[in-house]
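Open the model in your viewer and keep the sequence panel beside it. The stops below say what to select and what is there.

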Amino acid sequence: MTKTTGAPPAVSFTGAVKTYGEVRAVDGIDLRIARGETVALLGRNGAGKSTTIALLLGLVEADAGAVELFGASPERSVRSGRVGAMLQEGRAVPRVTVRELVTFVAGRYPAPLPVARALELAGIAELAGRRVDRLSGGQTQRVRFAVALAGNPSLIVLDEPTAALDVEARHAFWDSMRAYARRGHTVLFSTHHLEEADAHADRILVIDRGRIVADGSGDLLKRSAGGNLVSFDLAGRGTQGLSLLPGVRSVEVRGDRALLRTDDSDATVVALAELGAVRGLEVAPASLDDAFLALTARIPEAV
């Protein structure tokens with residue numbers, strides 16, 4: 001991973017706000033992404049991910065605050081070829097081959113990536129002569145990746161890039177993305193596959209209700225949810241007093257099992273043993289799923 005000092009960051013949001021009627025889709029986001037970082041954007045449906053990406057790409061304008069890419073406006077950075085995007089929506093172009101499509105797109109930029117290299121990085125060199133409208137969903141998704149690479153961008157934005165891919169194709173895609181990132185480029189991707197964010201991002205942003213509620217590595221986010229999960233069979237006993245045990249941050253009941261999120265699993269287990277509550281005892285590290293659910297938990301409104 002290569003980071004450039006003394007230059008504007010790849011991405012800069014300063015108090016960015018975007019509203020749609022009474023809905024505050026982006027609510028004062030402040031964000032910096034350094035050049036060379038690979039960053040994952042996580043959030044529930046409706047959390048503000050898509051609007052954040054739209055602001056970043058200049059597809060919509062902020063109502064307040066500022067968004068810059070490499071120290072310039074998103075529109076200017078996109079036009080200059082410094083930014084490539086792979087979005088979820090888009091239909092296949094009829095009656096053109098993969099090579100023709102990527103060649104056409106590359107020709108719109110001042111210093112494009114060689115077409116053969118774009119196809120190679122996207123893992124579709126063998127599809128170069130195939131018609132785009134006759135490809136499978138997974139193949140079409142990889143063509144979109146090649147199109148995003150065509151301008152040789154310094155920043156690439158990927159919106160749910162593996163949504164249509166099977167397991168094998170997903171592995172091939174991430175191999176391609178890592179090869180691109182190793183060249184010192186910046187990558188921002190959104191995903192619903194939390195294991196992908198944990199495995200492939202240097203840094204994870206969690207957005208909820210239009211705000212960034214967490215920003216850090218996968219390990220940091222997992223620790224923020226409670227370092228470990230201690231679970232055991234309740235065997236008919238209640239949960240009274242469990243939240244007061246050493247290290248315990250929260251208590252959840254799933255069926256007849258209690259699940260304790262704890263910062264000190266050793267102390268928690270010792271205390272449970274003293275209570276005689278060790279039936280079916282299990283200790284496991286918190287997962288990114290656990291962290292995500294804890295960070296985006298919705299508090300029911302009073303009726």
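How many helices and strands does the protein have? There are ten helices and 13 strands; both are DSSP runs numbered from the N terminus, helices being H or I runs of at least four residues and strands E runs of at least two. The model is predicted, so local features need pLDDT of at least 70 and side-chain atom pairs count only at pLDDT 80 or more, while totals for chains, interfaces and linings use all residues. Residues are numbered from 1 along each chain as its sequence is written, and side-chain values use heavy atoms, with hydrogens and water left out.

**Whole chain**

Start with everything selected. Along the principal axes, the C-alpha atoms fill a box of roughly 70 × 45 × 40 Å. Of the 303 residues, 46% count as buried; buried means under 20% relative accessible area, exposed over 50%, and partly exposed in between, with a 1.4 Å probe and protein chains only. The protein exposes about 14900 Å², and carbon and sulfur atoms supply 50% of that area. Accessible areas come from the Shrake-Rupley method with a 1.4 Å probe, and for residues only the protein chains shown count as cover.

Now consider contacts, defined as heavy atoms within 4.5 Å. Among those between residues at least 6 apart in sequence, 68% join residues at least 24 apart.

Colour by charge next. The mean positions of the 36 positive and 36 negative charges are 7 Å apart. Lys and Arg count as positive and Asp and Glu as negative, without His or the chain ends; each charge is placed at NZ of Lys, CZ of Arg, CG of Asp or CD of Glu.

**Glu37 and helix 1**

Select Glu37, in the loop between strand 2 (23-33) and strand 3 (38-42). Glu37 is buried, with a relative accessible area of 10%. Its side chain reaches the backbone nitrogen of Ala34 at 2.8 Å.

Go on to helix 1, residues 49-56. Seven of its eight residues are buried, so helix 1 is largely enclosed by the rest of the structure. Among the buried ones are Lys49, Ile53 and Leu56. Just after helix 1, Gly58 has a positive phi of about 75 degrees.

**Two positive phi values outside glycine**

Most residues other than glycine have a negative phi. Select Phe70 and Asn152 for two positive values: phi is near 55 degrees in Phe70 and near 60 degrees in Asn152. Are these residues buried or partly exposed? Phe70 is buried at 8% relative accessible area, whereas Asn152 is partly exposed at 28%. Phe70 lies in the loop between strand 4 (64-69) and helix 2 (74-79). Asn152 lies in the loop between helix 5 (137-149) and strand 6 (155-159).

**Helices 5 and 6**

From Asn152, step back to helix 5. The expected span of a helix is 1.5 Å times one less than its number of residues. For the 13 residues of helix 5 that gives 18 Å, and the end C-alpha atoms are 19 Å apart, which agrees. Buried residues here include Gly138, Arg142, Phe145 and Leu149. Which elements do the buried residues of helix 5 pack against? Show strand 5 (83-86), helix 3 (98-106), helix 4 (115-121), strand 6 and helix 6.

Helix 6 covers residues 167-181, and its 15 residues should span 21 Å; the end C-alpha atoms are 21 Å apart, which agrees. Phe173, Trp174, Met177 and Tyr180 are among its buried residues. At the start of helix 6, a side-chain oxygen of Asp166 comes to within 3.3 Å of the backbone nitrogen of Glu168.

**Glu252 and Leu272**

Select Glu252 in strand 11 (residues 248-254). Glu252 is partly exposed at 30% relative accessibility. Its side chain makes a polar contact of 2.9 Å with that of Arg254. A polar contact is a pair of N or O atoms within 3.5 Å; within protein, one must be able to donate a hydrogen and the other to accept it, and residues adjacent in sequence count only if both atoms are side-chain atoms. Beyond four places in sequence, Glu252 is in contact with Arg257, Ala258, Leu259 and Arg261.

Finish at Leu272 in helix 9 (residues 265-275). Leu272 counts as buried, at 0% relative accessibility. Leaving aside neighbours within four places in sequence, its contacts include Val230, Phe232, Leu260 and Leu281. To look back to the other part of the tour, draw a C-alpha distance from Leu272 to Gly36: the two are 236 residues apart in sequence and 46 Å apart in space.
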